[in-house]
Amino acid sequence: MAELNTDGGGGGKGGKVRSKKQNSKVDLTAMVDLAFLLITFFMLTTTLSKPQSMDLTLPDKEKDDTPQTNIKVDENRTMTLLLGENGKLVRYVGMLDKPLAAPKDFTYGKDGIRKELIARMELVKQYSTAKGKPKDGMIVIIKPSKKSTYRNLVDVLDEMAIVGVNATGSYAIVPEFSPEEQKLLEVKK
């Protein structure tokens, strides 16, 4: 509780009566308690923001001694994205020696690669439905070069999540380049 302490005004020397200033003292102990109660209340009732992360599946570190067999993938469902230096992004569909869609440069973002991914997903959906396998989705192979930036890879992975490639199809990060793919990424001066 707050209390107000005042001293009684006593007479001074010489018989002159002066009005004394009253000393006031407020006890703030209750206010401190109230402040701590409010802080505790708001700490317990507010929700903390949870960090957002993207699921990424990585292969096991153990080497498998069984020989690798070449897996045949329908080239009509496959798109390859090549990430180069200075933000260069090249895509081709199918195999590079006989592509279904010629290699083309794209920009990052909604007006660049996102539009292409959405359009290609629709074509793959139509193709898979016509083949009698409507659940087969698009396969995207992401190939970052050693000169590409981490930000560019994260931007492409974000586009995969935004478009929903993982929901209908799949994507993989492959750090291996053929000489033809390396030539596509060379910056023309």
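**Helices α2 and α3 in the predicted model**

At 1.5 Å a residue, a span of 26 Å is expected for the 18 residues of α2, and the C-alpha atoms at its ends do lie 26 Å apart, in agreement with that value. This description rests on a predicted model, in which α2 covers residues 113-130 and includes Glu116. The buried residues of this helix are Ile113, Glu116, Leu117, Arg120, Met121, Val124 and Ser128; viewed down the axis of α2, they fall within an arc of 130° and therefore line one face of the helix. An α-helix has 3.6 residues a turn, so residues three or four places apart point the same way. The face of α2 turned away from the buried side carries the exposed residues Lys115 and Ala130.

Glu116 has a relative accessible area of 14% and is counted as buried because this value falls under 20%. Apart from its neighbours within four places in sequence, Glu116 is in contact with Met79, Arg91 and Phe106. The cover over the buried residues of α2 includes the strands β1 (78-83), β2 (89-94), β3 (99-106) and β4 (139-144), together with the helices α3 (150-163) and α4 (165-168). Gly132, which follows α2, has a positive phi near 85°.

Helix α3, with 14 residues, reaches 20 Å from its first C-alpha to its last, close to the 20 Å expected at 1.5 Å a residue. Its buried residues are Asn152, Leu153, Val156, Leu157, Glu159, Met160 and Val163, and these fall within an arc of 150° when seen down the axis of α3, so they line one face of the helix. On the other side of α3, Tyr150, Arg151, Ala161 and Ile162 are exposed. The buried residues of α3 pack against β1, β2, α2, β4, α4 and β5 (170-173), and just after the helix Gly164 adopts a positive phi of about 85°.

Methods: Residues numbered from 1 in each chain as written. Predicted model: local features only at pLDDT ≥ 70, side-chain atom pairs only at ≥ 80, totals over all residues. Heavy atoms only, no water. Helix = DSSP H or I, 4+ residues; strand = E, 2+ residues; numbered from the N terminus. Buried < 20%, exposed > 50% of the residue type's maximum accessible area, 1.4 Å probe, protein only. Contact = heavy atoms within 4.5 Å. Expected span 1.5 Å × (residues − 1). Arc of directions from axis to C-beta.
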